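Got the model open in your viewer? Keep the selection box handy and follow along, one stop at a time.

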Amino acid sequence: MSLPPTKRSLSNANSNATASSSSSSSPHFHPSMKKAKSQAVACSLDPNKNGLHHHHNQDDNDVVFDPSSMALDDDSKPDDARAPAAANLSRKKATPPQPAKKLVIKLVKAKPTLPTNFEEETWAKLKSAINAIFLKQPDSCDLEKLYQAVNNLCLHKMGGSLYQRIEKECEEHISAALRSLVGQSPDLVVFLSLVEKCWQDLCDQMLMIRGIALYLDRTYVKQTPNVRSLWDMGLQLFRKHLSLASEVEHKTVTGLLRMIESERLGEAVERTLLNHLLKMFTALGIYSESFEKPFLECTSEFYAAEGMKYMQQSDVPDYLKHVEMRLHEEHERCLLYLDALTRKPLIATAERQLLERHIPAILDKGFMMLMDGHRIEDLQRMYSLFSRVNALESLRQALSSYIRRTGQGIVLDEEKDKDMVPSLLEFKASLDSIWEESFSKNEAFCNTIKDAFEHLINLRQNRPAELIAKFLDEKLRAGNKGTSEEELEGTLDKVLVLFRFIQGKDVFEAFYKKDLAKRLLLGKSASIDAEKSMISKLKTECGSQFTNKLEGMFKDIELSKEINESFKQSSQARIKLPSGIEMSVHVLTTGYWPTYPPMDVRLPHELNVYQDIFKEFYLSKYSGRRLMWQNSLGHCVLKADFPKGKKELAVSLFQTVVLMLFNDAQKLSFQDIKDSTGIEDKELRRTLQSLACGKVRVLQKLPKGRDVEDDDSFVFNEGFTAPLYRLKVNAIQMKETVEENTSTTERVFQDRQYQVDAAIVRIMKTRKVLSHTLLITELFQQLKFPIKPADLKKRIESLIDREYLERDKNNPQIYNYLA
Amino acid sequence: MPPRAPKRKSAPPNSLSVTSSDGSSVSSKAKTKGFVRIDRMFDSYANSSLGMIDPDGIEAFCSDLGVDCTDVRILMLAWKLKAQRQGYFTQDEWRTGLKELRVDSISKLKKALPELEKEVGKPSNYDNFYSYAFRYCLTEEMQKSVDIESICELLNLVLGAQFRPQVDLLIEYLKVQSDYKVINLDQWINFLRFCQEINFPDLENYDATQAWPLILDNFVDWMREKHSSF
């Protein structure tokens, strides 16, 4: 084979060469070798990347790159493994420019001609080689020669036709290969492996051909626009014939889908096969169109059906577990064989079909059960799954209605009033732990819990407030054994949380005060420290205004102790007091304490004397004060001498007064007792009932019977016995509590009216002129208890009537303050 | 809160106090020429021992005028005369009132009545007349409100001609409800506003969150309930 002529002459001889091809200047060749080598290392070896030529098309001066990188590519090509050829090549490439200068003159005159059949012969060699490659037969011609042949053709500007010939040759083979797949094995897996094999072969074969025709790739392809590299050409041909043999493509896709489906159904499949075929789709550039789309549709269908089926078959926690597993699987699938870009739409599809569509059903069917069962883990799963499909809002709403529904059961059931507060506390604690552990302390959920609690605790006007006060009373009262101080403290804190939700805090205060008064006056408080701690908690919660009366009560108790001490030391006491009686007095400041209805009673002389002496003492010490005896609060311990033994009786003042009558008489009629004690009729009947019809019967009623009638009479019970020395005769209080209760509530409402009036006047005094709407808004802000707008109107009208306000003459929506 | 000291209450309403000084100056001059016929007319109805026209005199006066004494025009006349006490006209009231009407005989008064009706009908006077009608019913010292019975009659008299359907329903409501036994001036004034401002009978522009007195809120609720129950 003759050396190629110089470039210059070539361009003269071969006029149909492309315009862009020739102008490279030779002196560039040498110096660039090294540099190019180092660059090329990085980009060789990857068949997919053999598009280097693209750069060079842009700029002809860059031709320097060509030979070197080509040489190198050649060098490192694993298949060919022809290092000597590479060396030759670079030498060959490098030499021509030097002799060129010498030869120039001669060549102009005697132009060497190519053998006439040069192209055909060369091509025949190549063709047989290509054929051999496709048929996987050995070829007689060694690869170096073939390479040289391509090189020669290219140098003689025959690259174009060579390319076309190669293309045609390849097309024939590829088309044949794909056609051979038509009608092949009905077994999809077998078929898929055939396809894979075909693809694998093509890749190998195209690599080989490209190796041979590398020079073509480097020169002709690079320099000609709109011509694919050989590798791309091979892919393109494969794609074309694959789509022509639509049965093959269709069968392949179906096969893939079927395999994935059977994997979803739990069968083991050949993942590498899947992986290779999907890589093929990607390489052919038809992945998203031919595979991904049907795949996602198929997935959608599959999970739609599965979702429906499982929702019916299994319970919610299992379903959620299943969904979680499915999502994980799909994720894995993307790592193992699907294209990475498929992950997002795939997971989204699965989520939509398995979760989104079933959100209401899941919540409906399982939420309550999970909450009731306190299933932290399942709830947490639900939360995290729902957060994937932005369904937390639905979950939050479900939580809200769950709390409301469950809470209503606790709050509205009047028969369970006793357990309301403990149940609520328990419920709240359970919710809190679920919130913490399952709902990752989501702020919105926290607020939902609060709102729902506030709603349900105010479902009933005042009862919850009252019951909370009662609950505290129980906890703070003495005899509440078995709770340590820390436990008590913890309970108080928890109750305070409920207290916070209550709108009618004044109702709470009224009842708390009433109970506190009882505890203090009867000395029943479990621990003054606990009491004080509760007060200070209330103080931080509601401000000192809320608690200063309560604190005043404590002060009164302490002061009373001192007063009693100094009374005992006083001269009045030492000189005048009747002996045999001890008395202690609580002096209560009016206003701090609940108001008690005055109850008249005619005290026995001894007690009267005692009271008078104390009064004298007290008024001498604090002049200008007024003492009023609250007979209904008094209690005494009496020593009783029964024929069958001495006893001490702990009784109320009224009981005392009645019993002391029997010091001088054996038998008394109801009327006698009424006349001499002066106790109000109903109260007296209750008192007598407690003494003669209760557990401890120190009197006997004639005739016997439960209720005290007008003409009953009473006798000292001579035969009274009891195992204990000290006895408490319980007062009958049932009815009293009901009365007490309503009066406490009434008082609260009365107070509220005054508070509304005061608030209106306060606001109007500062504003002077204010519209109705603004006044109502301000009132709602200021008033700390629930109140209806109609009630506010009533108070406003009352103030208009009393001429604190007037309607503006020109605008009836505006009120003027009348100073 | 206790009711406030009566000092504020005792101040007479503005409309009445404006001309009172004028009236007294007239009385001091006693029998000026212009008042002769008016005074004669007054004397013919007056109870001489009281020195003013009493209910009997008014009845006689009405029959001479040919008008029923429960006619709204008598109320208008009382308004014009600025009569302070129901059923009585003092000489001062009589003089200034008739002088303003420019009449000095029954026949002239008869002719002036339509004119008076027109005057009352003017928007600027009507509100004044309307609240006067309420105050005219306050017969006792310190009285601030009027019982439901009288209010119903007064409504009929004052608003009946203009707002028949509203007045009928309002009266019906006032008689069935049990929350209120008396009506105060504020509520009374708002009855008029209600009739004037609220579309009847659909009530769609009634808004209970506005400053309407509660009694009207209740009235509207009652009407709506009544309506829906049909």
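Select A:Arg767 to begin: in this predicted model, the residue is partly exposed, with a relative accessibility of 42%. Now add A:Glu778, the partner of A:Arg767 in a salt bridge whose closest N and O atoms are 2.4 Å apart. Show the helices around the pair: A:Arg767 belongs to α33 (residues 734-767) of chain A and A:Glu778 to α34 (residues 772-782) of chain A, so the bridge ties together parts 11 residues apart in sequence. Is A:Glu778 buried or exposed? Its relative accessible area is 17%, and since buried means under 20%, A:Glu778 counts as buried.

Next, pick A:Arg388 and A:Glu351. These two form a salt bridge as well, with 2.7 Å between the closest N and O atoms. Color α19 (residues 376-388) of chain A, where A:Arg388 sits, and α17 (residues 343-354) of chain A, home of A:Glu351; the pair ties together parts 37 residues apart in sequence. A:Arg388 is partly exposed at 41% relative accessible area, while A:Glu351 is buried at 11%.

Now jump to A:Lys514 and A:Asp515. Here the salt bridge has its closest N and O atoms 3.9 Å apart. Which side of the burial cut-off are they on? A:Asp515 is buried, with 4% relative accessibility, and A:Lys514 is buried too, with 9%.

For a group rather than a pair, select A:Glu263, A:Arg264, A:Arg271, A:Glu330 and A:Arg333 together and show their side chains. What you have there is a network of salt bridges linking these residues. As a general point, side chains of opposite charge can pair when their charged atoms come close. Search the whole structure, over all chains, and the count of salt bridges is 51.

Time to zoom out to chain A as a whole. Switch to cartoon and you can page through 35 helices and nine strands. Of the 819 residues in chain A, 47% are buried. Turn on contacts with a separation of 6 or more, and 72% of them in chain A come from residues 24 or more positions apart. With a surface drawn, chain A shows about 42700 Å² of accessible area, and carbon and sulfur atoms hold 52% of that.

Last stop: bring chain B into view and look at where it touches chain A. How many residues does each chain put into the contact? Chain B gives 21 residues and chain A gives 21 residues. The size of an interface is often given as the accessible area lost when the parts come together. For chain B and chain A, that comes to about 1800 Å² buried between them, with 45% of it on carbon and sulfur atoms.

Two salt bridges run between chain B and chain A. One to select is A:Arg807 with B:Asp186, where the side chains meet at 2.5 Å, N to O. Polar contacts between the two chains come to 13 residue pairs, both residues at pLDDT 80 or more.

Now color the chain B side by element. Those giving two or more residues to the side that touches chain A are α1 (7-10), α12 (185-197) and α13 (214-229) of chain B. Stay on α12(B) for a moment, as it gives the most, with four residues. Finally, color that side of chain B by residue type, and you'll find nine nonpolar, five polar and seven charged residues.

Conventions: Residues are numbered from 1 along each chain as its sequence is written. Chains are lettered from A and ligands numbered from 1 in the order in which they are written. This is a predicted model: local features need pLDDT of at least 70, side-chain atom pairs count only at pLDDT 80 or more; totals for chains, interfaces and linings use all residues. Side-chain values use heavy atoms; hydrogens and water are left out. Buried means under 20% relative accessible area, exposed over 50%, partly exposed in between (1.4 Å probe, protein chains only). Contact means heavy atoms within 4.5 Å. Accessible areas come from the Shrake-Rupley method with a 1.4 Å probe; for residues, only the protein chains shown count as cover. Buried area is the accessible area (1.4 Å probe) that two parts lose on being put together, summed over both. A salt bridge is a side-chain nitrogen of Lys or Arg within 4 Å of a carboxyl oxygen of Asp or Glu. A polar contact is a pair of N or O atoms within 3.5 Å; within protein, one must be able to donate a hydrogen and the other to accept it, and residues adjacent in sequence count only if both atoms are side-chain atoms. Ala, Val, Leu, Ile, Met, Phe, Trp, Tyr, Cys and Pro count as nonpolar, Asp, Glu, Lys and Arg as charged, and the others, Gly among them, as polar.
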